[in-house]
Amino acid sequence: MPKEEINNLALRRALFYPAAEIYSNAPGGFWEFADAGEKIRRKIVDLWRKELVEKEGFIEISGAQILPEDVFKASGHIASFSDPVVQCKKCSSLHRADSLLSEKTKEVVPESLATTELDRMIKAHGIECPKCKGKDFAEVKKFNMMMKVDIGATGNQVSYLRPETCQSIFLDFKRIYRTMANSLPLGIAQAGSSFRNEIAPRNTLLRQREFGQMEIEIFFNPHRINEIENFSEIENFKLNLFLLKEKGVKKISCKEAAEKKIVSGKLVAYFLARAQQFYSKLNIPDEKMRFRQLAKDERAFYASETWDFEVETDLGWIELMACNYRTDHDLKGHGKQSKQDMVVTDNNEKVLPHVFELSAGIDRAFYVALDLAFKKEKRGPEERIFLNLPARISPYLAGIFPLVKKDGLLEKAMEIFRQLNSFDFDVLFEEKASIGKRYAKIDEIGVPFAITIDYDSLKDNSVTLRERNSMQQKRVKIDSLPEILWHLKTGKKSFEQA
Ligand SMILES: [Zn+2]
């Protein structure tokens, strides 16, 4: 869907909106989420936790958001975490050199290119300033994207807001290994905010300065990258791989990808499969998803192999997860800087573990889920908008509506609301506005079902159950609601069957 449609819906229903919006001078790139938006976003994280963390027996942490400078010296962020920035000489506006070039050429321009090469390309392609159309630019400079924080009264303990959630995972590795694991592979996960001083935040949730990440670092013995439990479960699963120098996606089984060394080993194939399966559960169609293999100059400075999981939307292919083989880059760096030994004993072998990482964006997944779920349809003279979200990430499972507020209907509806709530269903009670407006509201925020309590309900103890997508309705007994809703929520039965 066009981004204007998504943005209008987001503002109309307060799914997301700019931070500090009542102040005209608030910096861009910060967003807030209310009610339905907050719930959808949280449920995406819950689904990730269930599918990629808990099912794998991984350990989740909640680390500090501010970390000392030494951490980022060791990680390489102080030296290398920068974007190429170019300034227009006419209007003084700042731009990302790689973005200007890729918008003009419609090709990926690696941010890691040498600044002199970017200078040359800007001239060769006749790049114009997006603000004033000027063609005279100063030399490209590298701009470090970390946000500095001064700690303590003297302000001399330099620290930074974390630019990725995974650094705490590397710092905590030894303690977690010692107290909870004592064997490899060991997966440690964290979901939370990260911060990057983007020069040009844009496309609302797609390029922010504060953004949500869900990261998993899998520590493993590099000599045993092909020894992975449960590989047989996915060996025939087809990965959507978009290989370097290929024109399109090839469907390649995990087994073949590992045997032909298309990926570094079975462990990598296994987790790519799990990631692809996770995104399918967000209702991303198979033909709109791919893992794009990144060339050396496109990869992050710490990665020896990268697969970007991308989804096709109205804004083009959007990266939702970077799958990086980080080797021993991080543990080696922190071991050296902190003078701590990061070597562990695995299977009677002393080893500095390697890391395979699944680094996913929360807000990007949220935006893409909205983009793919957005439906607009003509119903006679009327137009209807609804979000076709899967029940697992919809903000509520059902809306509960008394037809009117009088004659005991309000009380009856409240009784049903309380009962369903006690069964742990996410239900929304709404008694204001006409029934049509209430349906329109829950359609727009993606609630799949509505339960309406009318005068007959008082006589026969039944209610009207309505499905969002088909707008079909049926009468069901109040007593059977918990069971029916459970079947619908888990997908065990369709609306017709329930
Ligand atoms: Zn300009």
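**Figure 1. A five-stranded open sheet in the predicted model.** This view of the predicted model shows an open sheet of 5 strands, ordered 23-22-24-25-26, with mixed pairing. Strand 23 and strand 26 sit at the edges, each pairing on one side only. On average, neighbouring strands here are turned by 25° against each other, ignoring direction. Helix 13 (residues 409-422) packs on the sheet and touches strand 22, strand 23 and strand 24. Its direction makes about 160° with that of strand 22.

**Figure 2. The parallel pair, strand 22 and strand 24.** Zooming in on part of that sheet, we get strand 22 and strand 24 pairing in the parallel sense over 5 bridges. A handy spot to look at is Gly399, which stands opposite Ala450 in strand 24.

**Figure 3. The hairpin of strand 25 and strand 26.** These two strands, residues 462-467 and residues 473-477, run antiparallel and are joined by 5 bridges. Look for Leu465, standing opposite Lys474 in strand 26. The hairpin has 5 residues between its strands, and Met471 takes a positive phi there, near 60°.

**Figure 4. Helix 14 and its buried face.** Helix 14 covers residues 435-444, and its buried residues include Tyr439, Ile442 and Asp443. Viewed down the helix axis, the buried residues fall within an arc of 105°, so they line one face of the helix. What do the buried residues of helix 14 pack against? They pack against strand 21 (382-387), strand 22 (398-402), strand 23 (427-429) and strand 24 (449-453). After the helix comes Gly446, with a positive phi near 85°.

**Figure 5. The largest nonpolar core, with Ala369 in close-up.** This core has 109 residues, and Leu272, Ala369 and Ala398 have the most contacts inside it. Helix 10 (residues 266-280) supplies the largest share, 10 residues. At least three core residues come from each of domain 1 (3-79 + 146-371) and domain 3 (396-490). Which residues does Ala369 contact, leaving aside neighbours within four places in sequence? Ala369 is in contact with Ile40, Ile44, Leu282, Leu389 and Ile393. As a general pattern, nonpolar side chains in soluble globular proteins tend to be buried together.

**Figure 6. Three domains along the chain.** The protein chain is divided into domain 1 (3-79 + 146-371), domain 2 (82-143) and domain 3 (396-490). Taken over C-alpha atoms, the centres of domain 2 and domain 3 are separated by 55 Å.

Terms used: Residues are numbered from 1 along each chain as its sequence is written. This is a predicted model: local features need pLDDT of at least 70, side-chain atom pairs count only at pLDDT 80 or more; totals for chains, interfaces and linings use all residues. A nonpolar core is a set of buried Ala, Val, Leu, Ile, Met, Phe, Trp, Tyr and Cys residues joined through C-beta atoms within 7 Å. A residue is buried if 20 or more other C-beta atoms lie within 10 Å of its own, exposed if 12 or fewer, and partly exposed in between; C-beta atoms are placed from the backbone. Helices (H or I, at least four residues) and strands (E, at least two) are DSSP runs, numbered from the N terminus. Domain bounds come from an automatic or database domain assignment. Two residues are in contact if their C-beta atoms, placed from the backbone, lie within 7 Å. The arc is that of the directions from the helix axis to the C-beta atoms. Two strands pair if DSSP finds at least two bridges between them. Axes are lines fitted to C-alpha atoms, for helices over the stretch in contact, and angles run from 0 to 180 degrees between N-to-C directions.
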